[in-house]
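Trainee: I should like to work through this model by question and answer. May we begin once the structure is on the screen?

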Amino acid sequence: MATTKQTQIAGTTKSRFQVRGMLKRDIVPTILVTLLGTVLMLVFLLPLGYMIATAFKPEAQLSAQNAPLLPAKSTTYNYQGQDLPLYNVPTSEGVKQWALVKGFREDADFVDPANLGKGVINWKGRYRTLDPVYEFSPTLDNFTTAWSDVDFPLLFRNTFFIAFISTVGTLISCIMVAYGFARFRIPGKNILFIILISTVVLPPQATIIPLYILFAKIGWTGTWLPLLVPAFFANAYDVFLLRQYLMGIPKELDEAAMVDGANPLTTLIRVIIPQAIPAITAVTLFHFFYAWNDYFAPLVYLAGKEELFPISVGIAKFVGTYGTHPTRAMATAVLTMILPALLFFFAQRQFMQGVVATGVDK
Amino acid sequence: MAVDAVKTKPAGRGLMGRQRLRWGLFFLAPWFIGFFAFQLLPIVFTFFLSFTDYNATKEFAPENFNFVGLNNYGRLFSDPELGNSLGVTLKFTLIAVPLGLIVPLMFALLVNSKHLFAPNVFRTLFFLPTVIPVVAGVLVFQGVLNPQSGWIDLLLKVFGIEGPRWLSDPTWAIPALNLLGLWGVGNAMLIYLGALQSVPTEIYEASVLDGANGIQRFINITIPMISPVIFYNVTLGVITSFQYFVAALLIGGRNGDPQGATLFYNLHFYRQAFVFNDMGYASVLALFLFAIVMVLTTFMFTFLQRGIYYASSDI
């Protein structure tokens with residue numbers, strides 16, 4: 001029995017110790033569970049697969065009957081100087097791939113590229129019901145159309161600017177506030193903290209109207225200011241994450257700095273911040289993604305000013321067009337996703353550690 | 001290296017204490033200002049607005065604010081769309097919260113399983129859709145749910161099921177949105193994962209010695225030990241799904257197509273405020289939402305606490 005198991009995994013290069021470990025864990029459950037996981041994963045990411053496949057398809061393919069799932073183009077065969085479309089023609093000898101010379105209602109003339117000596121063959125049947133012969137052919141056309149329809153570079157610049165500035169503001173303010181909550185004794189601090197946390201429950205709808213009126217009155221609507229300025233005043237989620245983390249930094253470090261004559265601000269900059277890099281990285285990433293994907297606030301405050309739109313608002317107009325230009329809509333979606341996905345792949349460890357740090361401590 | 005601990009005086013007493021206090025307030029200042037300017041005062045103003053008939057297209061001047069008493073509140077009872085929008089939001093929530101509880105937990109259990117090969121790859125891939133902008137997600141789901149060329153319906157055909165028209169079908173529009181929402185379970189999955197990993201293995205080992213099988217272990221150990229996290233996720237899930245807006249606006253346009261099946265409460269609110277510019281009534285809607293969320297949160301905190309087992313001693 002042992003030898004059978006060892007032969008099964010002989011194909012992969014594993015050290016003796018790993019092999020023993022695998023045997024101990026039992027191969028069968030591992031295979032079953034991994035298989036289940038893979039199936040779940042494929043179903044979960046199915047929409048992404050659809051998006052990528054469709055984005056590369058020529059538009060005509062979508063309306064064709066029985067078109068293949070992957071990007072493809074119908075092939076042609078050059079006969080006597082003309083490009084004739086190839087079809088899958090059912091014959092008494094099986095399905096053949098013939099080039100259509102001329103089609104009539106109840107029959108059609110073909111040539112067999114594999115057998116030119118036969119000349120023109122007449123086939124009885126309705127050629128319009130036949131399926132073309134496809135070859136794999138991804139196209140970048142949708143991307144170029146999408147790119148020219150929507151000023152992507154402008155959208156990217158706008159989005160980047162908004163996300164960057166508001167992340168800077170968030171970092172500065174949230175670190176300050178978290179530091180205040182974590183390290184200073186203030187009367188009523190606990191009550192203040194509870195108030196902070198309960199603002200999470202506050203629906204943005206309850207405040208958006210007066211805020212909109214306020215910003216309209218001072219002339220900030222139609223600019224980026226309503227999106228950027230509030231970020232400099234801290235928010236409950238990030239303050240909470242940072243505060244929890246800062247409370248885990250040993251106070252001896254603060255005290256050592258104070259003995260050396262540092263004031264609290266210097267302590268913050270020179271001692272606390274270097275110690276809090278993991279949490280700070282997490283906040284940076286979270287907020288950057290949040291600002292990058294935000295749709296509601298830009299929609300409300302930037303209404304009408306297309307040159308200021310971030311990506312989320314800029315491509316929203318494509319949502320209705322799926323019916324007419326599905327491939328282009330998918331190409332647009334791909335373009336929108338590239339940057340967040342890349343950023344995520346590079347920063348995933350920090351990102352996920354940060355999510356855990358916020359959530360589990362509740 | 002031995003350092004004399006700085007004597008901590010009660011806050012505000014003595015020179016050191018007063019200085020610390022001042023510094024502390026300095027650091028908290030951004031939040032104070034922000035809270036007042038962007039949250040407290042606006043809420044008060046919304047409250048005030050709810051008693052007027054201010055129309056946003058008019059100048060922000062006193063003569064345009066007419067006090068109408070409780071008229072706007074009365075409209076809550078006669079508003080035909082209110083019932084529909086509450087129903088829509090409720091239907092969505094009733095599907096979303098259980099799904100948002102079970103699916104990420106399932107994924108977390110899978111990723112945590114010692115029988116899984118390359119768990120980090122799975123973890124990353126399950127999390128990936130959460131960083132995708134909602135708008136792009138809507139685009140993609142419109143595509144994949146397309147009755148003719150979408151893969152979901154094609155997949156269903158393989159099993160012999162005739163797929164519904166999803167986003168164009170009033171009955172299926174909300175479940176379609178729930179499917180889109182499923183893409184965002186990565187966050188919850190990670191939190192569950194962290195919680196699962198923090199359950200001490202000794203407990204499991206002890207239970208095995210007592211003869212517990214897998215299912216018993218799950219029900220009697222795993223679930224209670226992660227119950228605080230389950231509670232957190234459920235609460236947050238209810239709160240966020242009542243605030244559901246963006247995808248609804250994108251799919252349903254301004255009217256909650258098809259036929260009002262996606263007229264979520266917040267879409268209704270958005271229309272009153274920014275399409276019809278009726279700020280008075282919109283304010284009432286906003287406050288009503290706030291009240292509902294507060295009631296639900298309080299309800300959950302009061303009644304669900306009993307089911308939660310807090311394993312750590314400092315709670």
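Trainee: How many residues does the largest nonpolar core have?
Mentor: A nonpolar core is a set of buried Ala, Val, Leu, Ile, Met, Phe, Trp, Tyr and Cys residues joined through C-beta atoms within 7 Å. A residue is buried if 20 or more other C-beta atoms lie within 10 Å of its own, exposed if 12 or fewer and partly exposed in between, with C-beta atoms placed from the backbone. Residues with the most contacts inside the largest core include A:Val177, A:Ala178 and B:Met189, and the core has 142 residues.

Trainee: Which helix gives the most to this core?
Mentor: Helices (H or I, at least four residues) and strands (E, at least two) are DSSP runs, numbered from the N terminus. With 11 residues, the leading contributor to this core is helix α7 (residues 152–183) of chain A.

Trainee: On what basis should these values be read?
Mentor: This is a predicted model, in which local features need pLDDT of at least 70 and side-chain atom pairs count only at pLDDT 80 or more, whereas totals for chains, interfaces and linings use all residues. Residues are numbered from 1 along each chain as its sequence is written, while chains are lettered from A and ligands numbered from 1 in the order in which they are written.

Trainee: Which residues does A:Ala178 touch, not counting residues up to four places away in sequence?
Mentor: Two residues are in contact if their C-beta atoms, placed from the backbone, lie within 7 Å. With residues up to four places away in sequence left out, the partners of A:Ala178 are A:Val239, A:Leu242, A:Arg243 and A:Leu246.

Trainee: How many residues does the second, separate core have?
Mentor: This core includes A:Ala99, A:Leu100, A:Ala108 and A:Tyr127. Of these, A:Ala108 belongs to the covered face of strand β5 (residues 107–111) of chain A. The second core has 10 residues.

Trainee: Over how many bridges do β5(A) and strand β6 (residues 120–124) of chain A pair?
Mentor: Two strands pair if DSSP finds at least two bridges between them. On one side, strand β4 (residues 94–103) of chain A pairs with β5(A) in the antiparallel sense over 4 bridges, and a hairpin of 3 residues joins the two. A:Ala99 stands opposite A:Val111 in β5(A), and A:Asp107 stands opposite A:Lys124 in β6(A). The antiparallel pairing of β5(A) with β6(A) runs over 5 bridges.

Trainee: How many residues of chain B are in contact with chain A?
Mentor: Helix α17 (residues 326–360) gives the most to the side of chain A that touches chain B, with 16 residues. By class, that side has 58 nonpolar (Ala, Val, Leu, Ile, Met, Phe, Trp, Tyr, Cys and Pro), 6 charged (Asp, Glu, Lys and Arg) and 15 polar residues (the others, Gly among them). The 79 residues of chain A in contact with chain B meet 80 residues.

Trainee: Why does B:Ile223 count as partly exposed?
Mentor: B:Ile223 is found in helix α10 (residues 214–242) of chain B. Its C-alpha atom is separated by 10 Å from that of B:Val199, 24 residues apart along the chain. B:Ile223 counts as partly exposed because its C-beta neighbours inside 10 Å number 14.

Trainee: What distance separates the centres of the two domains of chain A?
Mentor: The bounds, which come from an automatic or database domain assignment, give domain 1 (65–136) and domain 2 (143–360). Taken over C-alpha atoms, the centres of these domains of chain A are separated by 58 Å.
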